[in-house]
Amino acid sequence: MVSRIIPVAPFDLVIFGGTGDLAQRKILPALFRRHCAGQLPGSEWIIGAARAGLSCADYRNIVATALREHCGPRGVDDAELTSFLSRVSYVALDGMGTQGWEELAAQLRPSAEVPVRLFYFSVGPALFAPLAERLHSHGLTNGDTRIVVEKPFGRDLQTAKALNRTLASHFDEGQIYRIDHYLGKETVQNLMAVRFGNMLFEPLWNSQYVDHIQITVAETVGIEGREDYYERSGAMRDMMQNHLMQLLCLIAMEPPAKFDPDAVRDEKLKVIRALDPVEPHHIVRGQYQARQAAEGGAQAHPSYRDTVGNPRSRTESYVALKAHISNWRWAGTPFYLRTGKRLVARSSVINVMFKDAPHSIFGAEAGRHANHLKIRLQPNEGITLSVTIKEPGQGGMRLIDVPLDMSFAEALGEEGGTPPDAYERLIMDVVRGDQTLFMRGDEVEAAWAWTDPIIAGWEARGDVPKPYDSGSTGPGDADLLMRRDGREWRGINP
Ligand code: NAD
């Protein structure tokens with residue numbers, strides 16, 4: 001099944017940080033794929049803006065190399081590349097200073113000609129406020145201007161509030177797109193479609209029928225290349241406060257009255273505000289250990305502490321916690337969330353574990369069987385519902401669980417079976433002016449208000465993360481967190 005491509009309106013897009021890692025790996029490839037899919041209007045103008053003194057030709061070479069490297073199995077068609085590059089230019093600019101701004105102004109087309117102007121802040125967070133101020137003071141914004149702000153959005157409630165205030169002094173909330181690429185994943189949006197488009201699930205989506213929910217975002221990579229940032233951040237700030245919190249909101253929120261940006265975000269906000277403070281004994285922090293090279297090809301990795309060069313580092317590369325949402329729907333249903341680096345597999349999954357049937361007519365020997373809905377965000381986006389059936393054959397009434405499996409790549413994929421990358425979808429949403437999948441300022445602040453006391457508690461207690469082996473499923477204490485409640489984590493599988 002091939003999805004419909006609806007071309008977007010003409011736009012000028014400035015990528016601040018256009019030579020950076022994110023621009024090269026994600027933003028430019030996303031734009032190129034949308035160009036190849038016929039979604040860009042052909043009159044777009046994409047301006048890379050960064051500190052390096054490059055000519056436009058130099059920058060186009062950088063972009064061409066990045067696209068060849070990062071466009072994946074679909075590859076790069078030379079004619080498409082030439083036509084895409086003809087829409088790309090560059091400005092050497094200092095986001096903290098005065099250099100380059102006049103030239104940027106000269107490259108933007110008049111608002112009367114191309115009203116939609118996007119400024120993508122793909123730079124470190126210290127530049128977010130200076131860029132917003134300079135865009136304003138150089139008169140580069142108009143009513144149709146949108147800014148895209150990358151994570152991290154603050155490092156606590158106070159800094160997030162200050163950043164929101166600065167942005168709000170130059171832009172309306174409707175112009176600010178705080179991006180969380182998890183929300184652009186096909187499955188995440190399908191979560192809403194599955195919940196609110198079917199009669200099947202919603203009546204069961206509450207504490208009466210759901211035993212508990214597990215959200216896992218596991219990575220195999222370490223923190224190489226981001227040591228300074230990560231050492232000041234840790235898994236709680238880097239992943240839990242934003243990505244996992246957003247997934248929790250979508251799985252737990254009430255049905256919005258309509259699929260409209262503020263209606264959806266109002267409901268997400270209510271979830272965050274209904275979260276109880278987390279008890280210290282309901283959180284496990286971990287830090288990965290070194291791994292020796294092993295037979296079978298397993299690579300050696302340094303420990304977290306060696307990677308950051310701090311033998312006494314207390315920053316967590318793993319966190320697992322049990323959360324409770326105090327409202328009518330979820331009272332009594334725990335949500336177990338975990339995320340970590342250097343784990344056994346790369347896998348982002350939500351598991352909705354339903355309760356056992358109230359009475360088994362098949363007797364004790366049939367075993368206990370509960371339905372389980374597994375929502376895979378990556379890799380292999382899709383949804384599996386486990387259903388209990390009779391084991392085939394003559395062995396009597398023995399029960400087994402079988403998966404009803406839907407892989408989105410097969411069911412919905414475009415061009416050879418790969419669904420669009422999250423950045424493709426989200427950037428097109430910005431061009432269209434649709435904020436549904438972007439975080440509102442009050443959501444981000446509420447998430448920090450929940451996270452801050454947890455981090456403050458660790459700091460006050462001098463909490464030291466538990467060591468865990470690289471390539472494992474995390475610290476043993478995270479298993480205990482579940483076992484104390486008579487439950488088990490689902491496996492972390494690729
Ligand atoms: P990077 O260090 O690779 O690139 C930074 C870019 O900013 C470069 O183009 C650099 O020239 C530019 N820059 C730095 N100082 C500047 C100045 N004074 N004026 C103008 N330009 C300046 O960083 P990155 O990895 O591309 O990350 C960019 C942002 O995106 C960060 O906020 C990061 O947290 C966020 N982010 C990155 C990733 C990722 O995978 N790389 C993922 C999610 C979020």
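For these exercises, Ala, Val, Leu, Ile, Met, Phe, Trp, Tyr, Cys and Pro count as nonpolar, Asp, Glu, Lys and Arg as charged, and the others, Gly among them, as polar. We're working with a predicted model, where local features need pLDDT of at least 70, side-chain atom pairs count only at pLDDT 80 or more, and totals for chains, interfaces and linings use all residues. Residues are numbered from 1 along each chain as its sequence is written, and side-chain values use heavy atoms, with hydrogens and water left out.

**Exercise 1. Work out how the chain is divided into domains.**

Start with the bounds, which come from an automatic or database domain assignment. Domain 1 takes 12-150, while domain 2 is made of 183-420 + 440-483. Next, take the C-alpha centres of the two: they sit 34 Å apart.

**Exercise 2. Describe what surrounds the ligand.**

Step one is the shell. A residue is near a molecule or strand if one of its heavy atoms lies within 4 Å of it. There are 20 residues around the ligand, and Thr19, Asp21, Arg25, Gly95 and Val123 come nearest.

Step two is sorting them: the shell splits into eight nonpolar, six polar and six charged residues.

Step three is asking which element gives the most. That's helix H1 (residues 21-36), with three residues. Helices (H or I, at least four residues) and strands (E, at least two) are DSSP runs, numbered from the N terminus.

Step four is the polar contacts, meaning pairs of N or O atoms within 3.5 Å; within protein, one must be able to donate a hydrogen and the other to accept it, and residues adjacent in sequence count only if both atoms are side-chain atoms. A ligand nitrogen lies 2.7 Å from an N or O atom in the Asp21 side chain. A ligand oxygen is 2.8 Å from a polar backbone atom of Leu22. For the side chain of Arg25, an N or O atom is 2.5 Å from an oxygen of the ligand. As for cover, the ligand on its own has 830 Å² of accessible area, and the protein covers 74% of that (Shrake-Rupley method, 1.4 Å probe; for residues, only the protein chains shown count as cover).

**Exercise 3. Trace the parallel sheet.**

Two strands pair if DSSP finds at least two bridges between them. Six strands make an open, parallel sheet, in the order E3-E2-E1-E4-E5-E6. At its edges are E3 (88-92) and E6 (176-178), each pairing on one side only. The twist from one strand to the next averages 20°; axes are lines fitted to C-alpha atoms, for helices over the stretch in contact, and angles run from 0 to 180 degrees between N-to-C directions.

Now zoom in on E5 (residues 145-149): E5 and E6 pair in the parallel sense over three bridges. Val148 has Tyr177 of E6 as its bridge partner.

**Exercise 4. Do the same for the mixed sheet.**

This open sheet has nine strands, ordered E14-E13-E12-E11-E7-E10-E9-E8-E15. The edge strands are E14 (399-407) and E15 (466-468). Inside the sheet, E7 (residues 210-218) and E11 (residues 347-356) are antiparallel and share eight bridges. Opposite Ile213 you'll find Val352 in E11.

**Exercise 5. Find the backbone oddities in the loops.**

First, the cis peptide bonds. Lys151 to Pro152 is cis, with omega near 0°, and Pro152 lies in the loop between E5 and helix H6 (157-170). Gln378 to Pro379 is also cis, with omega near -15°; Pro379 is in the loop between E12 (370-378) and E13 (382-390).

Then check phi. Arg342 isn't a glycine, yet its phi is positive, near 55°. Look for Arg342 in the loop between E10 (335-340) and E11.
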